[in-house]
Amino acid sequence: MGVLSALISVMVLVLLAYVGVNRGGLNYLFGVTIPYAAVLIFFLGFIYRMVQWARSPVPFRIPTTCGQQKTLPWIKQDKLESPSDTISVLARMFLEVFFFRSLFRNTRAELREGKRLVYGSSKWLWMAGMAFHWCFLIIFIRHLRFFTMPIPAPLHMIEGMDGLLQIGVPRLYMTDLIFLAAVAFLFLRRVVIPQVRYISLPADYFPLFLILAIGTSGVLMRYFTKVDIAAVKDLTVGLATLHPHIPGVQIGSIFYIHLFLVSALFIYFPFSKLMHLGGVFLSPTRNLANNNRMVRHVNPWNYPVKVHTYEEYEDEFRAKMIKAHIPVEKE
C-alpha cells in the first residue's frame, strides 16, 4: 500500500505539470513561480531544521563507538572507531560523509537450514548508496552549466570525464546510467527483501519514486524527447540572474515536468528523511570525541546542590553520636 500511494503521488505531480502547461498554459507558474518558491522553501526549511538541531541540548557525550577507546598507554587505541580528539573526529566524519564508512560495515543475518543463524557481509547496499550519492552530486554540478554564462572551465572538465565513453550524439553520460541503476536497486531492495519491505513506509518510497521520475524525465529529455536547449538556457539563466521570463518559443512539456519534479523535491527535502544531508554533521553520536575517561563533562544546566559533608554532619551530631557510642573522628 505504501508503494502504491507513493507511486500515485508522483504520477499526480507529473500530470499536474503536464496538464498545467499543455492545457492551462501555466508556463510562468511552472517555469518561474514554483521554482522560486521551491528554492525559497528549501533554504528556509533547511536552515530552520539545522538551527533546531543545533539548539537541541546534548548534555552527555554519547558517541557511537565500536573500538578500543583511549586508556592505558600500553593498550592500542582505535582512533577512528573511538576518537578521543578533534582530528580523529574529523577523520571519522570525513570517511562517514564521503565514503559511508558505517554502511560499509553493514552485515546481514539470515536463518539457514531452519534454525542456523548466519551473519554475512552486505556490500551491495553500500555500493548502491555510494553510486547514487556520488552520481547525484556530479549530475547536480553538471546542471550548473544551465545557470552560468559563460560556462566555467571545471564544468567542461567534469562533463568530459563523465562522457568519456561517448556513443554518438548527444554525449552519453555514465552518471545518468549509474544513477538510474542505483535508484532502481534501492527501490527493488525495499520491495524484494521481506524484512526491509515490512519496515518501509510511504515516506521511504516517495523520495525514491520522485528521484527516479526526475532522472527518467531528464534522460528522456536529453536522449529521446528533444527540447529547445537554447530556450531552456534562456529560461534558467533568467532564473539565476533574477530576471525571469518565459521564452517565446515552445520548450517542450517534458522540460516543465522535469522542472516541476525538481521543485517538488526541493520543497519536500527539508521535511523528510532526506535531511540526513545536514543532519549527519550534527549527529552527537558521530561528531563528539569519546574522551569520557580523560575529561569530566558536567551537565551545563545542573543547578547548584548544597553539599552536606561528613565533617559538617559530625559537627552537628557529634554529641549524640558519642552518647550512642558511635565512633567519631573528632572528640
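These legends accompany several views of a predicted model.

**View 1. The whole chain, with its 13 helices and 2 strands**. Along its principal axes the C-alpha trace spans about 105 × 55 × 45 Å, and the radius of gyration of the chain is 29 Å, where a compact globule of 331 residues would have one near 20 Å. Buried residues make up 34% of the chain, and its accessible surface comes to about 21,100 Å², of which carbon and sulfur atoms hold 69%. Among the contacts with a separation of 6 or more, 63% join residues that lie 24 or more positions apart.

**View 2. Helix α2, residues 27-55, and its kink at Ile34**. From its first C-alpha to its last, this helix of 29 residues reaches 41 Å, which is close to the 42 Å expected at 1.5 Å a residue. The kink, of about 30°, lies shortly before the proline Pro35.

**View 3. The buried residues of α2 and the helices they pack against**. Ile34 and Pro35 are both buried, and the buried residues of α2 also include Asn27, Phe30, Ala38, Phe42 and Phe46. The packing partners of these buried residues are α1 (2-22), α10 (229-240), α11 (253-268) and α12 (276-279).

**View 4. The largest nonpolar core, with 49 residues**. Within this core, the residues that touch the most other members are Leu210, Ile251 and Phe255. Two or more residues come from each of α1, α2, α5 (124-142), α7 (174-192), α9 (202-224), α10 and α11.

**View 5. The surroundings of Leu210**. Leaving aside residues up to four places away in sequence, Leu210 touches Val10, Leu13, Leu261, Ala264 and Leu265.

Technical notes. Residues are numbered from 1 along each chain as its sequence is written. This is a predicted model: local features need pLDDT of at least 70, side-chain atom pairs count only at pLDDT 80 or more; totals for chains, interfaces and linings use all residues. Side-chain values use heavy atoms; hydrogens and water are left out. Helices (H or I, at least four residues) and strands (E, at least two) are DSSP runs, numbered from the N terminus. The expected span of a helix is 1.5 Å times one less than its number of residues. The bend at a residue is the angle between axes fitted to the seven residues ending there and the seven starting there. Buried means under 20% relative accessible area, exposed over 50%, partly exposed in between (1.4 Å probe, protein chains only). Contact means heavy atoms within 4.5 Å. A nonpolar core is a set of buried Ala, Val, Leu, Ile, Met, Phe, Trp, Tyr and Cys residues joined through side-chain atoms within 4.5 Å. The radius of gyration is taken over C-alpha atoms; the globule rule is 2.2 Å times the number of residues to the power 0.38. Accessible areas come from the Shrake-Rupley method with a 1.4 Å probe; for residues, only the protein chains shown count as cover.
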